[in-house]
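Visitor: I would like a close look at a single part of this model. Please take me through one helix pair and how the two helices meet.

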Amino acid sequence: MKINIWSDVRCPFCFVGKKKFEKALEKFPHAEKLEITWHSFQLDPQLITQPDINPYEYFAKAKGITIERAKAMHEGAAMAGKEAGIDFNFDDSKVANSYKAHLLIQLSKTKNLANEMEEALFEAQFLDGKNIDDEETLIQLAKSIGITEDEAKNALESDELGYLVKQDMQLASQLGINAVPFFVINDKYGISGAQQPELFLEALEKTWEEFSNGDKGLQLINSGDSCDIDGNCD
């Protein structure tokens with residue numbers, strides 16, 4: 001049974017959704033039979049990396065809100081993170097474009113290391129305050145999960161992998177996906193947002209029972225915390 005996940009490592013709710021989905025997998029008896037594929041979904045593609053700017057000031061200016069409002073919105077994400085076992089460090093987070101990170105994700109998919117790459121990038125962005133648009137940082141992250149330095153360097157210059165990033169975005173558009181995280185279970189059920197583990201588990205069990213009757217079209221299950229393509233998270 002196939003699971004397709006659209007995500008961006010700049011999206012805090014994508015990190016939360018990953019953790020909650022993993023909790024559901026722990027209780028799903030057929031987890032080892034699932035084929036999980038991570039897909040690129042780049043939030044705010046035109047964002048200019050500015051690692052030295054205060055993240056709250058940047059967010060407030062970009063969204064036309066006060067710094068106090070920006071901090072309050074981040075506090076909401078922080079609360080969701082604690083529920084999922086994540087201690088977000090937004091104070092040190094870097095304003096960085098995620099395109100190069102997606103190139104590494106595409107490379108990692110060819111090596112069955114996509115989950116490990118996603119986790120490393122999420123931790124770099126939201127826990128360790130690293131610049132996920134810095135090539136040396138990305139190379140070190142890739143090496144930490146078993147990708148060689150040469151492979152990582154080549155990936156960061158790869159037009160082929162860049163094409164795959166664009167393909168993932170185009171497929172998301174065709175499916176009507178405009179916010180992440182978004183989970184598609186066996187090309188049948190779509191789950192939007194960082195849902196509770198219980199909902200993920202229910203969807204997995206339901207789909208497993210119905211498995212084999214063919215595609216009946218994508219059906220949306222609920223809608224939870226997510227970030228849209230313009231970088232708005234709620």
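Guide: What follows is about one helix pair, with a short look at some loop residues afterwards. The model is predicted, so local features need pLDDT of at least 70, side-chain atom pairs count only at pLDDT 80 or more, and totals for chains, interfaces and linings use all residues. Residues are numbered from 1 along each chain as its sequence is written, and side-chain values use heavy atoms, with hydrogens and water left out.

The pair is helix H1 (residues 12–27) and helix H5 (residues 114–126), whose axes come within 10 Å and cross at roughly 135°. Helices here are DSSP runs of H or I with at least four residues, strands are E runs of at least two, and both are numbered from the N terminus. An axis is a line fitted to C-alpha atoms, for helices over the stretch in contact, and angles run from 0 to 180 degrees between N-to-C directions. H1 and H5 are therefore oblique to each other; angles under 35 degrees count as roughly parallel, over 145 as roughly antiparallel, 65 to 115 as roughly perpendicular, and the rest as oblique.

On the H1 side, the contact (heavy atoms within 4.5 Å) is made by Pro12, Cys14, Phe15, Lys18, Lys19 and Glu22. H5 contributes Asn115, Glu118, Glu119, Phe122, Glu123 and Phe126.

Now the loops. Pro181 lies between strand S3 (179–180) and strand S4 (182–185), and the peptide bond from Val180 to Pro181 is cis, with omega near 10°. Asp44, in the loop between strand S2 (35–40) and helix H2 (55–63), has a positive phi of about 50° although it is not a glycine.
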